[in-house]
Amino acid sequence: MKTTLKILALVAMASVLALTTCTKDDEHNYSYNSETGNGNGNGNGGETEQRPNAYFTSDAGQFYTYTDTPIYFTNKSTNATRYSWNFGDYTTSTLTNPSHTYSSYGRKTVTLTAYNSQGYSDTYSQTLNIVPKRAYISHIDITNWPSRNNGNVWDQFATSATSHPDIFFKISQSGSVVFTSEVIDNCIHPSDGGTTSPSFEVGRSFVPATYTITFYDEDTIENVEMGSTSFNLYTLGNNNDYPSVLTLSGGGFSFKIY
């Protein structure tokens, strides 16, 4: 009987030891990376801290963010003592809560790696859509313009009293010309029987800013300024689209930007 009790006791002790060993192995068998080699996930690292959990948020737009716009990241990781950021454009940071400005557009994957003091790490990634900060102008239509230059026809060297202006314009920003239009000849004002509005092709993008548009009558000897006004450009829409039509007036002109 005593022999039987001893055997049962030994079996019970062996079972407890086997159960304890399996439990310890399971605790360390996870896929966290180790930078220092202290925590290798196999039960030999002597892990005494809770595993890190990487996570962050940002003030980036839900659908897109413009280039040249600072993005602020809020680190919400837990059980971590240091951090490594990769912003997806060959730039990095070790700050806890960094900010970053993209100079190029495209889809950028931001990755945060959070480490605890024993070298265990966790990563979290988020993809941002960075779009160019531009406003595209297709064409500009003039709907009204001064029909006379102080009572005279615009073509100051014309031999005909019914001569009409050959209109073109320049768009400038901070005093520098950034676009010069084509010339449309013989623009007949509606008051003189004109039935069509001059339409100028632009077909390019502009940064959001305040611009000055100056209209001219092209003459053989000297171009004559007809009028000038300023306007603002700002981008709108999820696809970096400019408003379909922007109606403006000033300097004796009425025109539409498409």
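Student: How many bridges join β10 to strand β13, and in which sense do they run?

Tutor: A good place to start, keeping in mind that this is a predicted model. In general, strands of a sheet pair through backbone hydrogen bonds, either parallel or antiparallel. Here β10 and β13 (residues 210-217) run antiparallel, joined by six bridges. To find the register, look at I167, whose bridge partner in β13 is D217.

Student: Which sense does the pairing of β10 and β11 take?

Tutor: That pairing is antiparallel, with four bridges between β10 and β11 (residues 176-180). Across it, S172 stands opposite V177 in β11. The two strands make a hairpin with two residues between them. Check S174 in the turn, where phi is positive, about 55°.

Student: Why is β10 largely enclosed by the rest of the structure?

Tutor: Count its buried residues, meaning those under 20% relative accessible area. In β10 (residues 167-173), five of the seven residues are buried, so the strand is largely enclosed.

Student: What is the strand order in the open sheet of four strands?

Tutor: Reading across, you meet β12-β9-β16-β15, with antiparallel pairing. The edges are β12 (199-206) and β15 (246-250); each has a single partner strand, so one side of each is left without a neighbour in the sheet. From one strand to the next, the twist averages 25°.

Student: Where can I see the register of β9 against β12?

Tutor: Try Y136, which stands opposite S205 in β12. Strand β9 covers residues 135-144, and its antiparallel pairing with β12 extends over six bridges. As you follow any regular strand, remember that side chains alternate between the two faces of the sheet.

Definitions and conventions. Residues numbered from 1 in each chain as written. Predicted model: local features only at pLDDT ≥ 70, side-chain atom pairs only at ≥ 80, totals over all residues. Heavy atoms only, no water. Pairing = 2+ DSSP bridges. Axes fitted to C-alpha atoms, helices over the stretch in contact; angles between N-to-C directions. Buried < 20%, exposed > 50% of the residue type's maximum accessible area, 1.4 Å probe, protein only.
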